[in-house]
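Please go through the strand pairing and helix packing of the structure shown below.

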Amino acid sequence: MQKPGPEKLARPASEPVQPRQLKRREGTRPDEKLALILETEPSEDYALLDSGNGQKLEQYGPYRIVRPEGQAIWLPACDQAEWAKADAVFTGNTDEEGIGRWHFPRQPLGETWPMAYDGIPFLGRFTSFRHVGVFPEQAAHWATMDHLIRNAGRPVRVLNLFGYTGVASLVAARAGAEVTHVDASKKAILWARENQEMAGLSAKPIRWICDDATKFVAREERRDSRYDIILLDPPAYGRGPNGEIWQLFDNLPEIVDLCRSILTPKPLAVVLTAYSIRASFFAIHELMRDAFTGLGGRVESGELILRERSAGRALSTSLFSRWVAQ
């Protein structure tokens, strides 16, 4: 069957899941570098203005936004007057979908607003689960990916799993890669397509796939489809479009093993980010070193952090582990 072009939204039919039998790989484990702290500093597009008392005050484009942040166990550095300038506050005190879980203390706001990353415009959106469509700490990974693509000296294929609203896919496409973007949420895929049009990148080769990530990668393995860069940004828990259940600690080893199997003969990188899990980065670090045994390269692991503008404190947002070719 011919693969859908960038103008189509593909959604495969349901299929039974066959458990993958994982086998220990032979050879030398990759070199390692840890603990690596990748930092996102304040910019015109995004800034962590202040944090404390279980909340964070952020600047997303034109708006100041207050959201919960469990790790901000310290006191705010800014006075209450600065926090009172917020345009939107996530309350989560209703069961409504979308914008209904937000409070707008200054004036009513629409559901979406324009944002940008490194000159790529996209839509921010007030969602019912407190996110706004972008995880700015991922900018460190995006910059690395952009560099790898532009300096590869050959065509590069990128697979973005759990791709959400597609900012990483747009960064890769702008740099010159052929991109396949996979997410289980049809809403997220449609949002990503909006972002592609807004960014003026509609002519770039991006396939938008609404599918369960593990099933998709297993099919790509059977099709002998290969990628140079793979991004994985899985949730701790989630559901696929046909009710498939994702549990990170149960399912991550299988999908990482599958990703190893669909790399090109000269791959560039595999980047894994893990949010909201009770584990050290050593857990995913050792998993990645085992998975890429015999392939050479290096596994780099640590944390993604946001640097606060008010007091310069570091707010850790997620763990990561990435294999890079040397």
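Q: How many bridges join S3 to strand S4?
A: This is a predicted model, where local features need pLDDT of at least 70, side-chain atom pairs count only at pLDDT 80 or more, and totals for chains, interfaces and linings use all residues. Residues are numbered from 1 along each chain as its sequence is written, and side-chain values use heavy atoms, with hydrogens and water left out. Strands (E, at least two residues) and helices (H or I, at least four) are DSSP runs numbered from the N terminus, and two strands pair if DSSP finds at least two bridges between them. S3 and strand S4 (residues 55-60) run antiparallel, and the bridges joining them number 6.

Q: Which residue in S4 does Tyr-46 stand opposite?
A: Strands of a sheet pair through backbone hydrogen bonds, either parallel or antiparallel. For S3 and S4 the direction is antiparallel. In S4, the residue opposite Tyr-46 is Tyr-60.

Q: Which are the edge strands of the open sheet S3-S4-S5-S6-S7?
A: The sheet has 5 strands and its pairing is mixed. An edge strand here pairs on one side only. That applies to strand S3 (46-52) and strand S7 (102-103).

Q: Why is H5 roughly parallel to H6?
A: Axes are lines fitted to C-alpha atoms, for helices over the stretch in contact, and angles run from 0 to 180 degrees between N-to-C directions. Angles under 35 degrees count as roughly parallel, over 145 as roughly antiparallel, 65 to 115 as roughly perpendicular and the rest as oblique. Helix H5 (residues 213-223) and helix H6 (residues 248-261) have axes 9 Å apart and pack at an angle of about 30°.
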